Amino acid sequence: MRNDVLYVWNSIPLNSENSLSPKRLELCSLDIEDAISVVYPQLSFCGIYKVLEKLPKSIGVSSSRVYENYGYALDSKLAQLLTTLPSLPAEFLDWCAEHSLSPRDLFPLLSLTNLQSVEEALKRISSLALSRNLGAQILELAVECRLLSLSESSESCASTGDEWLQQLKAKRYPQTAFSDSEKQKKMLELPWPKDFQLRWQRQGDRSGLEVKFFVSHEKELPKFTQLLQQTIQKIEVDSNDTP
Amino acid sequence: MTPLDSILKKFTTVSIEKAALASPLAQRCFKVFPAEKIEVVEGKPTTFSKGHMSAEDYTLSKKRLFLTEHPGHFFKRCPGAKKGLACCNYYVLNLGQQCDMDCSYCYLQSFLNTPYTVIYTNLDKALSDLAELYGSHSTSRVRVGTGEVVDSLSLDPLTNYSHALVDFFRDKLTWNLEFKTKSSYVENLLAIPASPNVIVSWSINPQYIVEIEEHGTASLQDRLKAAKKCLEHGYQIAFHIDPVIWHTNWKQNYLELAEIIHSQFRPQDLPYISLGALRFQSEQRDIMRERFGMESWVTRAEMFKSTSGKMRYDQSLREEMFQTIIQKFKELDPKWKIFLCMETPETWVNATGQLPFKQENIRSLFKPLQIESTIKNL
């Protein structure tokens, strides 16, 4: 699409955002569904929905054909998702379109009987201008927390997406959060050499301590292996001393 | 109500593809189903659509039966044969798609895209595929299961496929056939002489989990009673404690389950008991949430993406659950043979102390086979 052209189909502007443009291009030789593809060569699922919403209903556009032109076969699941989009806050839909959220990113919404219950969370996702990945993770966790009737009081204090995500995870996975924190405490209490940098990490279904040391020359390596060996010995001695 | 009656009641429509009309199964359907439920279709039924199924369509797919011929390969490697997982050389013979029971964790929810319960009518082709494969690998110890995409026995009152399968395997003693089920229907199997290489196995869980998560399945006690009957008739039997599901009383319930098994069976009665923890594809969460809400221990489970891509419990929790169950069995009798299903080598070592290849009593199950290329050429 050229930004300086107003595309028109049977006198209906297809990209009204360019309505002030002096250049007009008439696309009436095409079907309306194909004309939309010419004007918008790339559109996400929500992007298509937004474009179709702006068109007068009287045109009789086949929405399934438009979605198909962008690679979305309107199976029963997508058709169901489409019925939820009108109930979503406009700013959230804009964020979804802008960040090309996939239908799968939005499927968690289908488990809610009342979309209004997550309206505030959806508005916050858009106002914090989160990335697609972060926003999609938060969306799913927020839906699950809502379904589990977990309160949202603490996450409303989060000032960044990352902070919000961590708060939601702690709420949604309380046992794992507790067990991780216990394991972390135990691991960090071990007599690690001070030259080692330690960071607790969860990597998917495993959590553990990332141990880093910095080496500028291979001659320094034995020093670190000795330190590590001493640590292991201390741990063994301590565990033998424990009754 | 007889088991057949309950199947007849379950299905609201029966679509039979023209090409499958002459099959014994289609003929049987004409006899047992009311005429108004049956339609003959050319190709696929009119309501057949591809793509993701909505939760509602998935539920409906359990009520619509479609009989058709399977055009492709019936025989496949078990999905557990993946990089990063310790594989037990299991092969699957798919004689249909979809299950008439409704477990909350069922992987079919993210696997199927056909809004029908499909039963393939060309069983003869499946058996000829198998015969060809057996011809070139008759000395390999191959385990074939029919319960991956359908339950092996729950629809047997209608199909009676078990007879042909048992008869086929009767003289192929190096190969094992496994019927895997959560039903208690074994009457067809008991009506014919058993074959020692046929294993009838049950996925089992504590009765509490059966009630909460395994909808429409036989009770634990009925499954165990059916197993006893099969054992006494001369079949091998096996149990899969799979999926092990974390819940508030998990320890007590799984320890009790081990005691129940031990009180009713002896280690020499079962070639093995397999253990597997709850796992599913991440995309399955959506449909499970929609169908079962968050009341289920499965949907509310704390799951994380593992290296294999599936959602699993935290590794240390899995290890704790496996250790607890294995230790209980070993306390009851060290001769119980237990292996882990679809688990990483790390979990094997942490839960059992050794990799499966190093454990004398189950080593033979994990010995790699060389029949992949033959399957591809079928």
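Here is a walk through parts of this structure, starting with a strand of chain B and ending with a small sheet.

First, some housekeeping: this is a predicted model, so local features need pLDDT of at least 70 and side-chain atom pairs count only at pLDDT 80 or more, while totals for chains, interfaces and linings use all residues. Residues are numbered from 1 along each chain as its sequence is written, and chains are lettered from A and ligands numbered from 1 in the order in which they are written.

Let's begin with strand S13 of chain B, residues 236-244. Helices (H or I, at least four residues) and strands (E, at least two) are DSSP runs, numbered from the N terminus. S13(B) is mostly covered, with nine of its nine residues buried (20 or more other C-beta atoms, placed from the backbone, lie within 10 Å of a buried residue's own; exposed means 12 or fewer, and partly exposed is in between). Strands S11 (residues 198-204) and S13 of chain B run parallel, joined by six bridges; two strands pair if DSSP finds at least two bridges between them. Across that pairing, B:Ile237 in S13(B) has B:Val200 opposite. S13(B) also runs parallel to strand S14 (residues 273-277) of chain B, with four bridges joining them, and here B:Val244 stands opposite B:Ala277.

Now for helix H10 of chain B, residues 220-233. Its 14 residues should span 20 Å at 1.5 Å a residue (the expected span is 1.5 Å times one less than the number of residues), and the end C-alpha atoms are indeed 20 Å apart. Which residues of H10(B) are buried? They are B:Leu220, B:Arg223, B:Leu224, B:Ala226, B:Ala227 and B:Cys230. These sit on the same side of H10(B), because they cover an arc of only 160° around the axis, taken from the directions from the helix axis to the C-beta atoms. Among the elements covering them are S11, S13 and H11 of chain B. Just after H10(B) comes B:Gly234, with a positive phi near 115°.

Further along, three strands of chain B form an open, antiparallel sheet in the order S15-S17-S16. Strands S15 (279-281) and S16 (304-305) of chain B stand at the edges, each with a single partner strand, so one side of each has no neighbour in the sheet. S16(B) pairs with strand S17 (residues 310-312) of chain B over two bridges in the antiparallel sense, and B:Lys305 stands opposite B:Met311 in S17(B).

Notes:
Contact = placed C-beta atoms within 7 Å.
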